[in-house]
Amino acid sequence: MGTVAYQQSESAQGQAGTRPQAGGGWAARPPGPSGSPAGAPRYQQQQQAPGAAPRGRKARLRVAKVDPWSVMKTTFVLSIAFAVVSVVAAALLWSALNALGVFDSINRTLASVAPANQPNSVTLTSVLSFGKVMSFTALVSVVNIVLFTALATLAAYLYNMCSSLVGGIEVTLADDTAS
């Protein structure tokens, strides 16, 4: 997907086994002074006590840049999925409350509390009709799609500016292979 570019931290220069190529891909490092085979990645091996189970390798990487276009596309798709889930959830909740008679019960309670000289023109069922609830949910979902997409893209730009100043977030990847 290409959303994250990794930059190796200074303290992990000899630990990770890959380096960027001129063409943009990743290639194995040349053999080190220890005589490791050509193309074999170099990782820092954990110190082990004699007789202990072997531990995995670790590589410390730094998230140097996040692609704003990829963040925008991903957030847009996730926001649409969240909007669909919200509309379906609102429809199911309204249908369940209506089937259980909650709206009719609240209407009867409001009618018994209202003064006798005023007509009962406004009911909960007229205010919270299925169409009005779905329209409101759809409107909120569209606003959420626009806002989430814009805010996530803005956050990607801000992260890129901050990471150029402080170096980004350092991540340690571990290979937990146990024999």
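Here are some numbered notes on the model above, starting with how far to trust it and ending with single residues.

1. **What you are looking at.** This is a predicted model, where local features need a pLDDT of at least 70, side-chain atom pairs count only at pLDDT 80 or more, and totals for chains, interfaces and linings use all residues. Residues are numbered from 1 along each chain as its sequence is written, and side-chain values use heavy atoms, with hydrogens and water left out.

2. **Confidence.** Start with pLDDT, the predictor's confidence in each residue, from 0 to 100. The protein chain averages 78, and 64% of its residues score at least 70. Keep an eye on residues 9-19, where the pLDDT is below 50. Beyond near neighbours in sequence, that stretch still has 36 contacts in the model (a contact means heavy atoms within 4.5 Å).

3. **The overall layout.** You can pick out four helices and five strands in the protein chain. Both kinds of element are DSSP runs, numbered from the N terminus: helices are H or I with at least four residues, strands are E with at least two. Reading from the N terminus, the order is β-β-β-β-α-α-α-α-β. Of the 179 residues, 22% count as buried (buried is under 20% relative accessible area, exposed is over 50%, partly exposed is in between, using a 1.4 Å probe and protein chains only). Take the contacts between residues at least 6 apart in sequence: 68% of them join residues at least 24 apart.

4. **Two helices side by side.** How do H1 and H4 run relative to each other? Helix H1 covers residues 68-100 and helix H4 covers residues 130-166; their axes come within 8 Å and cross at roughly 160°. Here the axes are lines fitted to C-alpha atoms, for helices over the stretch in contact, and angles run from 0 to 180 degrees between N-to-C directions. The two helices are therefore roughly antiparallel; the cut-offs are under 35 degrees for roughly parallel, over 145 for roughly antiparallel, 65 to 115 for roughly perpendicular, and oblique for the rest.

5. **Handedness and make-up.** H1 passes H4 in a right-handed crossing, so the near helix is turned clockwise from the far one by less than a right angle, while anticlockwise would be left-handed. The residues of this contact divide into 20 nonpolar, ten polar and no charged. Nonpolar means Ala, Val, Leu, Ile, Met, Phe, Trp, Tyr, Cys and Pro; charged means Asp, Glu, Lys and Arg; the others, Gly among them, are polar.

6. **Pro68, in H1.** Pro68 is found in helix H1 and is buried, with a relative accessible area of 9%. Which residues does Pro68 touch, not counting residues up to four places away in sequence? They are Thr153, Ala156, Tyr157 and Asn160. Pro68 and Thr153 are 85 residues apart in sequence, yet 5.5 Å apart in space, C-alpha to C-alpha.

7. **Thr75 and Thr149.** Thr75 sits in H1 and is buried at 15% relative accessible area. Leaving aside neighbours within four places in sequence, Thr75 is in contact with Phe148, Thr149 and Ala152. Thr149 belongs to H4 and is buried too, at 10%. Its partners, again skipping residues up to four places away, include Met72, Phe76 and Ser79. The C-alpha atoms of Thr149 and Phe76 are separated by 5.4 Å, with their positions 73 residues apart along the chain.

8. **Val146, for contrast.** Is Val146 buried or exposed? This residue of H4 counts as exposed, at 52% relative accessibility. Its C-alpha atom is 9.8 Å from that of Thr75, and the two are 71 residues apart along the chain.
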